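Colleague: Could you take me through this model before I start looking at it on my own? I'd like to begin with the whole chain and then go into the details.

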Amino acid sequence: MLSCLSFVWQAQAVAASPLQPQEPAAASPALSPAALADLLDNPEVRKALVDALRTQASGAKPAPSPAAAQPAQPGLQERIADGVQRFLTGVAAEMGQGVDDMRALASGGSLRMASGTAGRALLPLALAAAATIIAFILLRMIAMRIYTRIDRWVAEQGCEPAVPPKRGVPASMRVLYRRAGGIVGALAIDVGVVLLAAMAGAAAALWSTPGRGALDSLAAVFLQAFVAVEIVKVLIRTVFAVRHPHLRLLPMSDELARYWNAWLVRVAGAAGYGTLLVGPVIAASLSPALGRLASMIIMLGVYVYAVRVIWQNRQPVRERLDRRAAGAATFLGSRLRFLSRVWHVLGIGYFTILLVVSQVDPTNALPFMARATAQTLLVMGVGSLLILLLNAVLAKPIRLSEDLRRRLPLLEARVNAYVPATLKLIGWIIRIVMVLLILDAWHAFDLSRWLASDAGGAAIRMVLNIVIVLLIATLAWTVIASIIEHRLSQSEERGMPTARERTLLALFRNAALIVIVTMTAMVLLSQIGIDVGPLIAGAGVVGLAIGFGAQKLVQDIITGVFIQLENGMNENDVVQVAGVFGTVEKMTIRSVGIRTLDGGYHLVPFSSVDVVANHMRDFSYHLGEYTIAHRESVDDAIEHLRAAFAELMTDTVLGPEILEEMTVAGVTAVNDKGVTIRILIKTTPGMQWAVQRGYNRLLKKHFDAAGIELPYPHTVVYFGQDKRGYAPPANVALQAEPRDEGENARAAGHTRRRLKPETAGEDSAEVLGNELEAREEAGAEAPRT
């Protein structure tokens, strides 16, 4: 039975966490009833005991220990729950055992040492402690003078303008370098003082035991505790530097530095010497249970004291941090405001962990806390510095050279859009790494084991692949867009792009963007473990459905592509499509936007375009047709047409736009209106309308000067004839306007004169002319017929 219990105890010790104390195997038979009950209460230990009993009953060899099987690491939640359970169980067992040992000690039992034995056992410890303390005090007195000189040396740097500056180093950086050197030098001296004092104590302990030639165990315990505790105090003194403000790591007042320095020194001394010295000495001199009980009582007192101080100062510290955050930069201010609200929670949690660890593993508790704290502070400091540098880079926009901005006008804006996003992504990666390193420092997450595992390796590969894919996609888009912009931004000396090139390059840029985004999204989905095969198949089905349901859209796209490839029209061309005549303002892969002469904007889908009439291709013609009266000479009219063209060629604006001599096609029509003559004037694309307006103006001037009539509509009046050849009488009404107001009565009436039948055959116009002459002689105005 005892062998089974010994095996179970060893199995339980091996399965425990690194912070759990492991008793030697020889102590396993001396388990107390309370400890045995606690072991049997653990399901794993109980199962191991049952397996061991069955193995002994069957006569087989014991199964290999659980450590050899390398079980899977429990999760964080399971580890926390198991640690809390073991902590509470151990505390209960130690309190019970400690009370029993105290009763035995009070009754004069076997736990009490003989006075002579105790004196001989504690003599090396006393000598080591005395020598260490005396050496430490003397060395500290010498070091204080050195600290004062260093502090004065750092202080003089800021008020010595005559110091010759180093080339390329600003004055503020010189002060910072000197201050950093002073702090590091003081820290090194303080650590050296601690180590020299420990060496003096070790020499005294060896002198007290000359026959053995080895350091006494209790003296070694004291020296280890002294070095560990005093190193922690050195770090505290480096941060606050009560007597030397210029060597203080954090900016604060002297009163505040003295308060927090004294409080942290007391807590570190009590916790360190209580767990590393008092407990082990009592355990070695009297009883292990009493030593653990003493350590637990000391740590409970330290915990209560620390929590009370933190809770009392939570509001003053928060107000002080808020005031400092108000005057700090954005990066530091936001973190100080966050720290002001959670600092007391972090402090209480820190001392709670210290209490638990000190009871789970008293020997390694303080080194573990110091190592975890140092790693946490180092990670936070380095990570914050990197994030601060990233924010400093983000605050300054990237400026490219003037020539590069001229050739690639959008590259600077694109880079300033890419770089902040990339730096923010790097910032989040830094934050995630910081969290993982901090969890690893407190053994809440085994980072090295995770990196060595398949899951960790897969995660790292996935992140690297995603970063590489994003970089390739960004680089490809930047190169394509930059090449297109370089072509679109050509000057006149280096060859301006044509309208067709501008349209096709814009379409190609949009298509390239869609392709790059789609492919990048597919690759990223495949990298994070999503099967893109069903997505592609689903997209194909959806595309097929959309193709059937949106045939018009597909027709628009296909027609637009072929129109662009065949160079049917480009931006700024004057075209007529789908019955709309105007200037092309915008072209997409689906439609064309046309601005008409009245300012209307027409959006015409390419599926509605069956014929494209482009008036801006290669050259244009002014087609002019001019009608002259029947009595005019056609040859004279043509001569004046050529004269008007010759004058047009002398125009400084319109003359250079004419490509060839005017072509006179000849007479194209002879009708009731007159004789029509056609001409053709070849012009540059788009200038036919301006040439038409200029030529029409000059032609009208030449025709007017030559007296050539441009006919207008004529009406022939025929009165008809009867069977005898006589025309019916024409009623002519003559009305005269009065010259003055006195003739209103006469002007109100009208005169009628009926032609006699015998005069019907005479010329009507002659009769009317005679009548008009008679009226004019009478002084009346011309009549109105």
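**Walking through the model**

Modeller: Of the chain's 785 residues, 31% count as buried, where buried means under 20% relative accessible area, exposed means over 50% and partly exposed lies in between, with a 1.4 Å probe and protein chains only. This is a predicted model, in which local features need pLDDT of at least 70 and side-chain atom pairs count only at pLDDT 80 or more, while totals for chains, interfaces and linings use all residues. Residues are numbered from 1 along each chain as its sequence is written, and side-chain values use heavy atoms, with hydrogens and water left out.

Colleague: How many helices and strands does the chain have?

Modeller: The chain has 24 helices and 10 strands, taken as DSSP runs numbered from the N terminus, with helices being H or I of at least four residues and strands E of at least two. Among contacts between residues at least 6 apart in sequence, 67% join residues at least 24 apart, a contact being heavy atoms within 4.5 Å.

Colleague: What about the sheet with S6, S7 and S8, in which order do the strands lie?

Modeller: The order is S6-S8-S7, in an open sheet of three strands with antiparallel pairing, where two strands pair if DSSP finds at least two bridges between them. S6 and S7 are the edge strands, each with a single partner strand, so one side of each has no neighbour in the sheet. From one strand to the next the twist averages 25°; axes here are lines fitted to C-alpha atoms, for helices over the stretch in contact, and angles run from 0 to 180 degrees between N-to-C directions.

Colleague: And how many bridges hold S6 and S8?

Modeller: Nine bridges join S6 and S8 in the antiparallel sense; among the bridge partners, Thr627 is matched with Thr676 in S8, and Ser620 with Thr683 in S8. On the other side, strand S7 (residues 663-670) runs antiparallel to strand S8 (residues 675-683) and is joined to S8 by six bridges, with Val664 having Ile679 in S8 as its bridge partner.

Colleague: What connects S7 to S8?

Modeller: S7 and S8 form a hairpin with four residues between them, and Gly674 in that turn has a positive phi of about 155°.

Colleague: Which helices lie on this sheet?

Modeller: H21 lies across S6, S7 and S8, running at about 25° to S8. H22 also packs on the sheet, where H22 touches S6 and S8 and its direction makes about 25° with that of S6. S6 itself has a covered face made of Ser620, His622, Gly624, Tyr626 and Ile628, and an uncovered face made of Tyr621, Leu623, Glu625 and Thr627.

Colleague: Switching to charges, how many salt bridges are there?

Modeller: A search of the whole structure finds 13 salt bridges, each being a side-chain nitrogen of Lys or Arg within 4 Å of a carboxyl oxygen of Asp or Glu. One of them pairs Lys701 with Glu647 at 2.7 Å, N to O. Lys701 lies in helix H22 and Glu647 in helix H21, so this pair ties together parts that are 54 residues apart in sequence. Lys701 is partly exposed, with a relative accessible area of 42%, and Glu647 is partly exposed as well, at 28%.

Colleague: Are the partners Asp190 and Arg140 buried or exposed?

Modeller: Asp190 is buried, with a relative accessible area of 4%, and Arg140 is buried at 17%. The closest N and O atoms of their salt bridge are 3.2 Å apart, and the pair links distant parts of the chain, with Asp190 in helix H7 (residues 171-208) and Arg140 in helix H6 (residues 115-157), 50 residues apart.

Colleague: What about Arg631 and Glu709, how far apart are the N and O?

Modeller: The side chains of Arg631 and Glu709 meet in a salt bridge at 2.3 Å, N to O. Arg631 counts as exposed at 66% relative accessibility, whereas Glu709 is buried, with a relative accessible area of 15%.

Colleague: Last topic, the surface: how much of it belongs to carbon and sulfur atoms?

Modeller: Carbon and sulfur atoms account for 64% of the chain's accessible surface of about 47,400 Å², with areas from the Shrake-Rupley method and a 1.4 Å probe, and for residues only the protein chains shown counting as cover.
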